[in-house]
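Grab a pencil and keep the viewer open. Try each exercise on your own before you read the solution under it.

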Amino acid sequence: MQRRHTRVVDVGGVKLGGDHPIAIQSMLSTPATDIAGSVEQAKALQTAGCEILRAAIPNMEAVALIPAIKKAVDIPLVADIHFDYRLAIAAVEAGVDKVRINPGNIGSNERVKAVVDACRARRVPIRIGVNGGSLEKEILQKYGHPTAQALVESAQYHISLLERFDFEDIVISLKSSNVQTMYEAYRLMSSCCDYPLHLGVTEAGTERMGTIKNAVGIGSLLLCGIGDTLRVSLTADPVKEVYAARDILKTVGLRQGGAEVISCPTCGRTQIDLIGLAEQVTELVRDMDKPITVAVMGCAVNGPGEAREADIGVAGGDGCGLLFSHGKILRKVPEDQILSALIEEIERL
């Protein structure tokens with residue numbers, strides 16, 4: 001695919017836009033008052049592969065999160081601010097790497113300029129986060145409901161407030177809980193400006209449905225060359241957001257490395273606990289750095305041939321499994337030894 005050309009924005013050393021890799025983001029779900037819990041979650045997210053971390057800063061007390069998290073992890077930190085320009089300035093002074101705030105929601109031009117001046121002085125970018133559920137009344141009245149055009153017009157309005165003060169260190173998001181609206185909004189926005197785009201489906205739901213919505217919306221845009229960073233929003237442990245984001249990028253060919261598990265959907269020929277085995281193998285190789293494909297197939301007759309591209313695999317038989325590599329049978333093992341034998345073969349690769 002050919003990626004859309006965008007200007008480059010530096011977020012605490014992670015560059016968004018241009019030809020730079022698409023960065024994975026997530027957000028702390030711990031209460032802003034729980035600094036110790038937030039630090040632990042931040043560490044877990046970094047370990048899982050999060051590359052930019054966001055935290056809500058709802059009040060001045062929450063600003064204390066910023067130095068604590070910055071000390072605990074090495075990834076950039078974004079302050080999520082709503083309405084209060086003073087919180088944005090305080091977050092910048094505390095060392096945050098990016099601010100998420102909509103300038104049209106913080107009052108007068110003087111307040112917008114105060115935030116811009118603080119960000120410019122410390123080279124802190126601003127993400128304009130347009131959301132289908134919080135459009136300006138005038139724009140919503142004009143379009144009747146949160147259409148793609150309404151989202152784009154709102155983003156352009158907020159952009160103009162920053163550009164008025166010669167500030168262009170900007171990232172844009174146009175999120176909607178409706179996948180088609182989100183998709184159309186990003187496509188339209190990509191034709192209107194060259195600012196980096198932060199992809200996401202907001203209020204996507206719990207792990208299962210939320211992952212599906214994000215995979216369809218984000219994945220479709222990525223295949224069109226649109227998108228510079230992303231967050232998979234889920235009503236779940238945010239670590240699962242990172243895993244889902246990583247899988248989406250790997251699926252569309254924009255993230256290499258690590259192990260991939262392929263497995264068949266099972267049928268009446270399956271004579272082992274294929275579903276349980278596939279889940280165990282997936283968990284086993286989740287954080288593995290080896291760029292290998294592992295196959296878990298239910299049928300010893302067709303499995304090795306169907307998964308001949310796999311570096312290593314197992315095909316189930318009657319209470320046993322055939323280990324194979326690139327379609328070639330290696331050995332036969334009892335069912336209760338399949339997982340340990342597979343691990344042994346993976347370690348040899």
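The exercises below go from the whole chain down to single residues, and the model they use is a predicted one.

**Exercise 1. Describe the protein chain as a whole: how many helices and strands does it have, and what share of its residues is buried?**

Solution.
- Step 1: Start with the secondary structure. You should find 12 helices and 15 strands in the protein chain.
- Step 2: Get a feel for the extent. The C-alpha trace spans about 75 × 45 × 30 Å along its principal axes.
- Step 3: Look inside. Of the 349 residues in the protein chain, 51% are buried.
- Step 4: Now the outside. The chain exposes about 15,800 Å², and 49% of that comes from carbon and sulfur atoms.
- Step 5: Check how the chain meets itself. Taking contacts with a separation of 6 or more, 63% are between residues 24 or more positions apart.
- Step 6: Finish with charge. There are 37 positive and 43 negative side chains, and the centres of these two sets lie 3 Å apart.

**Exercise 2. Take helix α1: what span is expected for its 14 residues, and what do its buried residues pack against?**

Solution.
- Step 1: Find α1 at residues 35–48.
- Step 2: Work out the span. At 1.5 Å a residue, 20 Å is expected, and the first and last C-alpha atoms of α1 are 20 Å apart, close to that value.
- Step 3: Pick out the buried residues. They are Gly37, Ser38, Val39, Gln41, Ala42, Leu45 and Ala48.
- Step 4: Think about the spacing in that list. An α-helix has 3.6 residues a turn, so residues three or four places apart point the same way.
- Step 5: See what lies on the other side of the packing. The buried residues of α1 pack against β3 (23–27), β4 (52–56), α2 (65–72) and α9 (238–251).
- Step 6: Inspect both ends. At the start, a side-chain oxygen of aspartate 34 comes to within 2.8 Å of the backbone nitrogen of glycine 37. Just after the helix, glycine 49 has a positive phi of about 120°.

**Exercise 3. Why does the length of helix α6 agree with what its 16 residues should span, and is its alanine 155 buried or exposed?**

Solution.
- Step 1: Locate α6 at residues 148–163. At 1.5 Å a residue it should span 22 Å, and its end C-alpha atoms are 22 Å apart, so the two agree.
- Step 2: List the buried residues. Among them are Ala148, Leu151, Ala155, Ile159 and Leu162.
- Step 3: Name the packing partners. The buried residues of α6 pack against α4 (109–122), β7 (126–131), α5 (137–143), β8 (170–175) and α7 (179–190).
- Step 4: Zoom in on alanine 155, which sits in α6. Its relative accessibility is 0%, so it counts as buried; the cut-off is under 20%.
- Step 5: Look around alanine 155. Leaving out residues up to four places away in sequence, it touches Val130, Ile172, Leu174 and Met189.

**Exercise 4. Compare serine 220 with threonine 6: what does each one touch?**

Solution.
- Step 1: Place serine 220. It lies in helix α8 (residues 207–223).
- Step 2: Judge its exposure. Serine 220 has 28% relative accessibility, so it counts as partly exposed.
- Step 3: Find its contacts. Setting aside neighbours within four places in sequence, serine 220 touches Tyr183 and Ala215. Its C-alpha is 7.7 Å from that of tyrosine 183, though the two are 37 residues apart along the chain.
- Step 4: Check its side chain. A polar atom there lies 2.6 Å from the backbone oxygen of valine 216.
- Step 5: Turn to threonine 6, found in the segment before β1 (9–11). At 1% relative accessibility, threonine 6 counts as buried.
- Step 6: Map its surroundings. Not counting residues up to four places away, threonine 6 touches Gly17, Gly18, Asp194, Tyr195, Pro196 and Asp228. With aspartate 228, a side-chain polar contact of 3.2 Å is made.

**Exercise 5. Where do arginine 123 and threonine 266 sit?**

Solution.
- Step 1: Arginine 123 is in the loop between α4 and β7. Its phi is near 55°, a positive value in a residue other than glycine.
- Step 2: Arginine 123 has 72% relative accessibility, so it counts as exposed.
- Step 3: Threonine 266 is in the loop between β11 (260–263) and α10 (274–285). Its phi, near 70°, is positive in a residue other than glycine.
- Step 4: Threonine 266, at 33% relative accessibility, counts as partly exposed.

Terms used. Residues are numbered from 1 along each chain as its sequence is written. This is a predicted model: local features need pLDDT of at least 70, side-chain atom pairs count only at pLDDT 80 or more; totals for chains, interfaces and linings use all residues. Side-chain values use heavy atoms; hydrogens and water are left out. Helices (H or I, at least four residues) and strands (E, at least two) are DSSP runs, numbered from the N terminus. Buried means under 20% relative accessible area, exposed over 50%, partly exposed in between (1.4 Å probe, protein chains only). Contact means heavy atoms within 4.5 Å. Accessible areas come from the Shrake-Rupley method with a 1.4 Å probe; for residues, only the protein chains shown count as cover. Lys and Arg count as positive and Asp and Glu as negative; His and the chain ends are not counted. The place of a charge is taken as NZ of Lys, CZ of Arg, CG of Asp or CD of Glu. The expected span of a helix is 1.5 Å times one less than its number of residues. A polar contact is a pair of N or O atoms within 3.5 Å; within protein, one must be able to donate a hydrogen and the other to accept it, and residues adjacent in sequence count only if both atoms are side-chain atoms.
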